[in-house]
Amino acid sequence: MKALRNFMNKIEPSFRPGGKLAKLESVYDGMETFLFTPNATSRSGAHIHDGNDMKRTMITVVVALIPALLFGMYNIGYQHYLAIGHSHEGWFTMWLYGLLAMLPVIVVSYVVGLGIEFISAQIHHKEIQEGFLVTGILIPLIVPINTPLWMTAVATAFAVIFAKEVFGGTGMNIFNVALITRAFLFFAYPSRMSGDEAFVKLDSALGMGGGTVVDGFTGATPLGQVATNVGDQLHMTNIMGEPISCLDAFIGFIPGSPGETSMIAILLGAALLLLTGIASWRIMCSVFVGGLGMAALAHALPSATYPASLLDPWTQLCLGGFAFGAVFMATDPVTGARTKIGQYIYGLLIGVFAILIRVYNSGYPEGMMLAILLMNAFAPLIDHCVVSSNIKRRARRAAIKE
Amino acid sequence: MLSKKNKEALFNPLSKDNPILVQILGICSSLAVTASLEPAIVMGISVIAVLAFSNVIISFLRKTIPTNIRIIVQLVVIAALVIIVQQILVAYNYDVSKKLSVFIGLIITNCIIMGRLEAFAMHNRPWPSFLDGVGNGLGYTIILVIVAFFRELLGSGTLFGFKVIPQWCYDHGYMDNGLMILPPMALITLGCIIWYHRAHNKELQED
């Protein structure tokens, strides 16, 4: 530790104004505060001193994502070996395959995103902000594993530039950057983002795995199957055509984007976020309540025209990206509502819209991404209404007293 | 013929006073018709024709038009010209007129035309008005072509309908970007052009 500190002290002058590398000053600052807690504190004015700065907030979210990440890797391997008929492989082999499959995506996401952030910080002579720490890990978790790396790179670059830097960088963005990445991919390359070939990796990952696919394989996610279901009975199967239950979806042994399949892993992350107080429990709970309510309503009026209405409400919540979106995306403190009443409304509407899109819009089997992005746009309006109605109420109260 | 003032009327709208980039007019049609180059160019030519001739006609009439009903008179002139353009298109270039559908008719409501009539033709002689119309029409067309170039190239891999992205790119996993065909990307492309334009014209930058 001490050697590192000495080294940082030694190279510091060349990064300060007048030094050889003065242009890269913010790179130095970013690395220094990443490695060591900064000493500087404000000396004047009223400040609440709290050890919880933005870096620690971000790291906590990353830690909360680890269960979903690890399970996601395992599930990629599990689905792969199931598809090539080697389902007896050990769990470590499966996990390792998943790790190798996801590693390039994680690297691409961080290199592209952080690269743009670093360049942008140098151009504007600003400090490097750590907002991309979370986004960079969210992107690999919500992008289907078979998406070509160059598409992920293009989408990440698009999202960081047009959803974040253009608005002024970390903390100023209107839309969730990771979701913009996914939305970009979803609308730009729809054939790679849904259907049979998107969610189960069949070829080898960095030299590991690979083999011939066994007969009867279908790569569609349960929600994809529901969307094309015919008749009054739902037939949800795993990739080998065997029927699956709500429990499979709860544990996570279903095809899907890496992070979203396992409800258990997501709930572990949710528990950490709620215990540390980083995510708003108001938003998280109201998303689930809204989704459950809308799903129950749809289920009360089942119709073969809208097959997703045949799903019972609990299964509805376990499938697809609903839980992942509710826990990690909707609760984004930058893009979500900030007033307490606003958070209830915001969360409730996300849940309602997600299920509404899922059930009644046959073009989109999954609606969580679109619901959150839509409500991101309305969050400032909700806050504005809550604040101004509060002002009005208090003004009225004051007027009566006089 | 081309005094300094006339030159300004003709050339200023190309960049410094561009109707789309600086006056932010005519955005609606520039999003709608720029999915590929051909309709964008036809649209641009139609707007140049309508704008130039309505400017001239209104400029001739400018002293006889009663102020109270000038908007209606202007609209009648524009509408007559638009119908002529539309009929010519249907007669000679039916496919493109199909592609442009209502947007040729909607030139009537294009803010650029109304704006130039009010701001320029009502106070200037016919010849400068003609130049102003051509200049603004050209400024509009240039932006349309730039936007359409990027949208058609990245969205369909073609230019004027010809494949320009070689087949081996597709064989190696390249795919056309479907989002470029959708209007939101037209807005973002336009935004990038405005970004670039402002960055290179310091006097246009607001605080």
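Modeller: Two helices count as roughly parallel if their angle is under 35 degrees, roughly antiparallel over 145, roughly perpendicular from 65 to 115, and oblique for the rest. This is a predicted model, where local features need pLDDT of at least 70, side-chain atom pairs count only at pLDDT 80 or more, and totals for chains, interfaces and linings use all residues. Residues are numbered from 1 along each chain as its sequence is written, while chains are lettered from A and ligands numbered from 1 in the order in which they are written.

Biologist: OK, are α3(A) and α5(A) roughly parallel or roughly antiparallel to each other?

Modeller: Helices here are DSSP runs (H or I, at least four residues), numbered from the N terminus. The axes of α3 (residues 54-83) and α5 (residues 132-142) of chain A come within 9 Å and cross at roughly 15°. Therefore α3(A) and α5(A) are roughly parallel.

Biologist: Which residues of α5(A) make that contact?

Modeller: Contact means C-beta atoms, placed from the backbone, within 7 Å. On the α3(A) side, the contact includes Met58(A), Val61(A) and Gly72(A). Facing them on α5(A) are Leu133(A), Val134(A), Ile137(A) and Leu141(A).

Biologist: Which helix gives the largest share of the largest nonpolar core?

Modeller: A nonpolar core is a set of buried Ala, Val, Leu, Ile, Met, Phe, Trp, Tyr and Cys residues joined through C-beta atoms within 7 Å. The largest one has 151 residues, with Ile350(A) and Ile372(A) making the most contacts inside it. The largest share of this core, 13 residues, comes from α3(A).

Biologist: And Arg358(A), is that one buried or exposed?

Modeller: Arg358(A) sits in helix α15 (residues 340-360) of chain A. Leaving aside neighbours within four places in sequence, Arg358(A) touches Ala308(A), Pro365(A), Glu366(A) and Gly367(A). The rule is 20 or more other C-beta atoms within 10 Å for buried, 12 or fewer for exposed, and partly exposed in between, with C-beta atoms placed from the backbone. Because Arg358(A) has 30 other C-beta atoms within 10 Å, it is buried.

Biologist: Over in chain B, at roughly what angle do the axes of α3(B) and α7(B) cross?

Modeller: These are α3 (residues 37-61) and α7 (residues 111-119) of chain B, with axes that come within 10 Å. The contact includes Val50(B) and Leu51(B) of α3(B) and Ile112(B) and Arg116(B) of α7(B). The axes cross at roughly 25°.

Biologist: Last one: how many residues does chain A put into its contact with chain B?

Modeller: The chain B side that touches chain A has four nonpolar, three polar and no charged residues. Chain B gives seven residues to this contact, and for chain A the number is seven.

Conventions: Axes are lines fitted to C-alpha atoms, for helices over the stretch in contact, and angles run from 0 to 180 degrees between N-to-C directions. Helices (H or I, at least four residues) and strands (E, at least two) are DSSP runs, numbered from the N terminus. Two residues are in contact if their C-beta atoms, placed from the backbone, lie within 7 Å. Ala, Val, Leu, Ile, Met, Phe, Trp, Tyr, Cys and Pro count as nonpolar, Asp, Glu, Lys and Arg as charged, and the others, Gly among them, as polar.
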